[in-house]
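Hi there,

Here is the structure I promised to pass on. Please open it while you read my notes below.

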Amino acid sequence: MMIQQLSVFLENRAGQLSSVTELLAQNHVDMQALNIAETADYGVLRLIVDMPQRAAGLLRENGFIVRETPVVLIPVSDKPGGLNAVLNTIAAANIDIEYMYSGMGQKNGLAYMIFRVSEPEKLDSVLSGLF
Amino acid sequence: MERYYQPEIETASREQILAWQNERLVKQVRHVWDNVPYYRKKMEEKGLTPDDIRGVEDLRKLPFLSKDDLRDAYPYGLLAKPLKDCVRIQSTSGTTGRRVVAFYTQHDIDLWEDCCARAIVAAGGTSEDVCHVSYGYGLFTGGPGLNGGSHRVGCLTLPMSSGNTDRQLQFMVDLGSTILCCTPSYAAYLAESIHERGLRDQIKLKAGIFGAEAWSEEMRRDIEAKLGIKAYDIYGLTETSGPGVAFECSEQTGMHINEDHFIAEIIDPDTGEVLPEGSKGELVFTSITKEAFPLLRYRTRDICVLSRKPCSCGRTHVKMSKPMGRSDDMLIVKGVNVFPSQIETVLLEQGYPANYQIVVDRVNNSDTLEVMVEMTPENFSDSLGKITEMEKGLVAALKAMLGIYAKVRLVAPKSITRSEGKAVRVIDKRKI
């Protein structure tokens with residue numbers, strides 16, 4: 001399933017991340033997945049939330065730099081080889097993965113993973129046959 | 001006993017120095033009037049002809065030259081000799097508008113090297129010495145200037161240039177370098193390396209000639225103690241020739257200006273008015289012997305004080321204090337001239353906002369330059385690779401513009417300090 005990911009620029013300073021989570025908490029935005037890629041000076045916070053548009057607006061109003069990116073949410077069977085099956089399918093379709101991370105929680109034996117790929121629509125259609 | 005490279009000049013009476021200055025200034029003004037239309041026009045605008053300049057007391061009538069003039073006249077507008085008579089250029093870093101390109105005839109090179117030779121002899125140099133020149137060679141004046149001076153003194157000259165510390169130390173040990181010429185920060189770095197590697201007993205250094213950047217008395221004492229040498233300051237700028245315009249003697253209380261080649265004035269940087277002797281103000285130089293690039297009343301933007309107090313070394317030429325600051329926004333980082341406007345130009349070209357902050361510091365006796373740049377929605381990406389690639393592009397563009405490495409630090413939007421609506425562009429944390 002294709003969804004919108006929010007990426008937020010964060011300086012590596014104390015309190016930067018909590019200022020984001022505080023803002024989202026106050027506005028009852030539910031965070032479903034989170035990942036941070038960082039250098040020594042700054043980080044890129046990647047967020048999956050229940051109300052991406054609203055959250056992006058709130059963050060921008062509060063001076064954050066936010067980018068919306070389409071990513072693919074993939075349910076992965078939570079047992080040995082589950083992720084491997086998905087990755088094999090992606091590799092067979094010749095799709096490059098830029099980065100990936102896992103979502104929070106698990107439902108009905110399925111874990112959820114977020115994939116940022118070069119061709120999200122293609123990945124979405126490739127995987128629709130898998131489940 | 002004090003030794004001199006040119007005793008009859010360096011210890012000449014005040015009257016004799018003034019007589020040289022009077023004669024050479026009159027001749028130089030005529031030379032410039034005849035050969036530099038750019039300056040002639042400036043004189044004409046003030047209603048002056050060469051006949052109005054009969055000696056040093058008339059100097060203050062002449063118009064100033066500034067870095068802006070060098071930009072306007074780039075590259076040949078201030079040249080006073082045909083190119084066929086010129087044998088060399090030297091240049092400062094920076095791009096058009098900020099880069100200084102100076103021309104030399106063989107005569108100009110000779111006089112410049114004499115000035116550097118005076119500095120080397122004042123530091124105790126003789127033909128017995130091994131002179132280790134670790135200033136950069138090339139367009140930068142440091143290497144070529146001291147190299148030439150060292151030849152004149154007859155030292156065995158090691159044209160090391162800067163960098164490659166392992167090789168520097170190896171030559172220093174193997175060839176028994178006795179005089180080290182480099183920037184004070186590199187001297188401190190070498191001193192530290194020598195100390196760390198336990199080479200103190202294997203080096204024969206006795207003196208150092210360190211210039212091209214500001215350094216404190218504390219740093220001097222530190223280098224002197226670590227290397228067991230006497231450390232001497234030297235001053236100069238590409239516009240006037242290079243190092244050797246002024247140099248320190250054994251008294252180490254200021255730098256003697258080579259007044260037979262340069263007339264120094266101290267002015268109020270705001271009004272341009274000449275200040276009485278002993279006042280703190282902007283240093284202005286008039287080259288009275290240079291043929292190819294003879295700048296009259298060039299504003300250095302360096303703030304200092306001149307002193308005519310008799311010197312125990314016996315030299316009679318006026319002494320200038322270490323520069324105490326600048327009357328413009330130029331920074332000297334690792335001996336390289338850096339203008340905030342150059343950094344601004346690069347940021348705009350690379351698609352970053354012109355809201356930036358430059359942080360200069362000195363870490364382990366070496367200058368560091370950091371440029372804080374605010375992230376923008378356009379430059380931001382969910383991919384760290386894309387951001388770091390842009391960052392690398394910016395670092396490379398800054399290096400190309402400035403000639404030195406500047407660390408880029410991407411910061412959150414609107415996070416750069418603004419005081420009373422005006423951004424603070426430069427934070428210089430160096431304690432000099």
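One definition will help: a residue is called buried if 20 or more other C-beta atoms lie within 10 Å of its own, exposed if 12 or fewer, and partly exposed in between. Please also keep in mind that this is a predicted model.

Let's start with one residue, Thr165(B). Thr165(B) counts as partly exposed because it has 16 C-beta neighbours inside 10 Å. You will find Thr165(B) in helix 7 (residues 165-174) of chain B. Leaving out residues up to four places away in sequence, Thr165(B) touches Leu190(B) and Ser193(B). Val305(B), on the other hand, is 140 residues from Thr165(B) in sequence and 36 Å from it in space, C-alpha to C-alpha.

Now for the domains. Chain B is assigned domain 1 (7-328) and domain 2 (333-428), and their C-alpha centres are 31 Å apart. Where they meet, 13 residues of domain 1 of chain B contact 13 residues of domain 2 of chain B. On the domain 1 side, helix 8 (residues 184-196) of chain B gives the most, with four residues. That side of domain 1 has four nonpolar, six polar and three charged residues.

Finally, the two chains. How many residues does the contact take from each chain? It takes 15 from chain B and 16 from chain A. Helix 11 (384-402) and strand 19 (407-411) of chain B are the elements giving two or more residues to the side of chain B that touches chain A. Strand 19 of chain B gives the most, three residues. By class, that side of chain B has eight nonpolar, four polar and three charged residues.

Happy exploring!

How values were computed. Residues are numbered from 1 along each chain as its sequence is written. Chains are lettered from A and ligands numbered from 1 in the order in which they are written. This is a predicted model: local features need pLDDT of at least 70, side-chain atom pairs count only at pLDDT 80 or more; totals for chains, interfaces and linings use all residues. Two residues are in contact if their C-beta atoms, placed from the backbone, lie within 7 Å. Ala, Val, Leu, Ile, Met, Phe, Trp, Tyr, Cys and Pro count as nonpolar, Asp, Glu, Lys and Arg as charged, and the others, Gly among them, as polar. Domain bounds come from an automatic or database domain assignment.
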